[in-house]
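Here's a quick tour of a protein model, made for anyone just getting used to reading structures. Keep the viewer open and find each spot as we go.

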Amino acid sequence: ARPELAHVQTIARARRAAPLSTLGTMLVDVMHRVPPDVVLPPLVGTYVSLNLYLAVVGVSGQGKDTSDGAAEDGLVSDTPVRKIPMGTGEGLVKNYVEYGEDPETGETGIIQHQTAAVVIASEVDKLAAIAKRQGSTLMPNLRDGWTGKRIGSGNSGAEFRLWVEPHRYRLGVVVGVQPGRGAALLNPDEVAGGTPQRFLARSRDQALERRLKDDTRSCYAEQ
């Protein structure tokens, strides 16, 4: 194993956390520190963002906070990760921009005040409740945000006409998903829209991780 992966496994085992969910959380935290203008090359179509979404799967009380803590302690950096609770689609945009007066030019308009954020929904039910609200823009904004597209809206009121330009923001998303409660990500409408395909799913159940690893090895052995 590479030294970096060995480090992740060591700190996860030391903190009694699931290595795969610890690795996933670390990856989100690392991407938070990468400037948003660092993108994947346009091999097909256009440039694609490094924004990263993580679904941490496991029953309630199975150690999501343990994985989060191990991941934070396992990364040495002077740059803090800006983690905020999941909110509405409009709130997602306001994490980066606001309507106001530019202190340098004196002009009134959209001012970008942040470039990076990690949005967290510890329970997928919270994501589901927000997405079900009439006129909710959360799920479309999340889908566009994964690729680094322009997110926001052009509403009639100037103070509500907010958007963030492509590849001017870094967005990480972490959602806790309990077995049997993943309809917010896996219902037919979201599957058709491409929502679950944007999430990296990792288990916080160490026993499940070991079973999956054994099953994978068995498959290769049979071939």
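Let's start with Thr147, which is buried because its relative accessible area is 15%, and the cut-off for buried is under 20%. This is a predicted model, by the way. Thr147 belongs to helix α6, which covers residues 138-147.

**Around Thr147**

- The side chain of Thr147 gets to within reach of a backbone atom: the oxygen of Asp144, at 3.1 Å.
- What does Thr147 touch, once you skip residues up to four places away in sequence? The answer is Tyr47, Val48, Ser49 and His167.

**Helix α6 and its partner α5**

- Helix α5 takes up residues 124-131, and the axes of α5 and α6 come within 8 Å of each other.
- Those two axes cross at roughly 115 degrees, which means α5 is roughly perpendicular to α6.
- Where they meet, α5 brings Leu127, Ile130 and Ala131, while α6 brings Leu138, Met139 and Leu142.

**The whole protein**

- The protein has nine helices and nine strands.
- Of its 223 residues, 38% are buried.
- The accessible surface adds up to about 12500 Å², and carbon and sulfur atoms own 53% of that.
- Take the contacts between residues at least 6 apart in sequence: 73% of them join residues at least 24 apart.

**The five-stranded sheet**

- Here's a bit of background: strands of a sheet pair through backbone hydrogen bonds, either parallel or antiparallel.
- In this protein, five strands form an open sheet in the order β2-β5-β8-β1-β9, with parallel pairing.
- The edges are β2 and β9 (199-203), each of which pairs on one side only.
- Going from one strand to the next, the twist averages 25 degrees.
- Helix α2 (residues 19-32) packs on this sheet and touches β1, β2, β5, β8 and β9.
- The direction of α2 makes about 160 degrees with that of β1.
- Strand β1 (residues 52-57) pairs with β9 in the parallel sense over five bridges.
- If you'd like one pair to look up there, Val57 has Ser203 in β9 as its bridge partner.

**A closer look at β5**

- How many of the six residues of β5 are buried? Six of six, so this strand (residues 116-121) counts as mostly covered, given that buried means under 20% relative accessible area.
- Ala116, Val118 and Ile120 point one way from β5, whereas Ala117, Val119 and Ala121 point the other way.
- Strand β2 (residues 83-85) runs parallel to β5, and three bridges join them.
- On that side, Pro85 stands opposite Ile120 of β5.
- Strand β8 (residues 170-177) also runs parallel to β5, joined by six bridges.
- Over in β8, Arg170 is the bridge partner of Ala116.

**Two loop residues**

- Gly87 sits in the loop between β2 and α4.
- Is Gly87 buried or partly exposed? Gly87 is partly exposed, because its relative accessible area is 27%.
- Apart from neighbours within four places in sequence, Gly87 is in contact with Ile130 and Leu138.
- Gly87 and Val119 are 32 residues apart in sequence, yet 8.3 Å apart in space from C-alpha to C-alpha.
- Asn95 is in the loop between α4 (89-94) and β3 (97-101).
- With a relative accessibility of 14%, Asn95 counts as buried.
- Leaving out residues up to four places away in sequence, Asn95 touches Arg82, Ile84, His113, Gln114 and Val119.

**The β3–β4 hairpin**

- Unlike the parallel pairing in the sheet above, β3 and strand β4 (residues 108-112) pair in the antiparallel sense, over five bridges.
- Try finding Glu101, which stands opposite Thr108 in β4.
- This hairpin has six residues between its strands.
- Gly106 in the hairpin takes a positive phi near 80 degrees.

Definitions and conventions. Residues are numbered from 1 along each chain as its sequence is written. This is a predicted model: local features need pLDDT of at least 70, side-chain atom pairs count only at pLDDT 80 or more; totals for chains, interfaces and linings use all residues. Side-chain values use heavy atoms; hydrogens and water are left out. Helices (H or I, at least four residues) and strands (E, at least two) are DSSP runs, numbered from the N terminus. Buried means under 20% relative accessible area, exposed over 50%, partly exposed in between (1.4 Å probe, protein chains only). A polar contact is a pair of N or O atoms within 3.5 Å; within protein, one must be able to donate a hydrogen and the other to accept it, and residues adjacent in sequence count only if both atoms are side-chain atoms. Contact means heavy atoms within 4.5 Å. Accessible areas come from the Shrake-Rupley method with a 1.4 Å probe; for residues, only the protein chains shown count as cover. Two strands pair if DSSP finds at least two bridges between them. Axes are lines fitted to C-alpha atoms, for helices over the stretch in contact, and angles run from 0 to 180 degrees between N-to-C directions. Angles under 35 degrees count as roughly parallel, over 145 as roughly antiparallel, 65 to 115 as roughly perpendicular and the rest as oblique.
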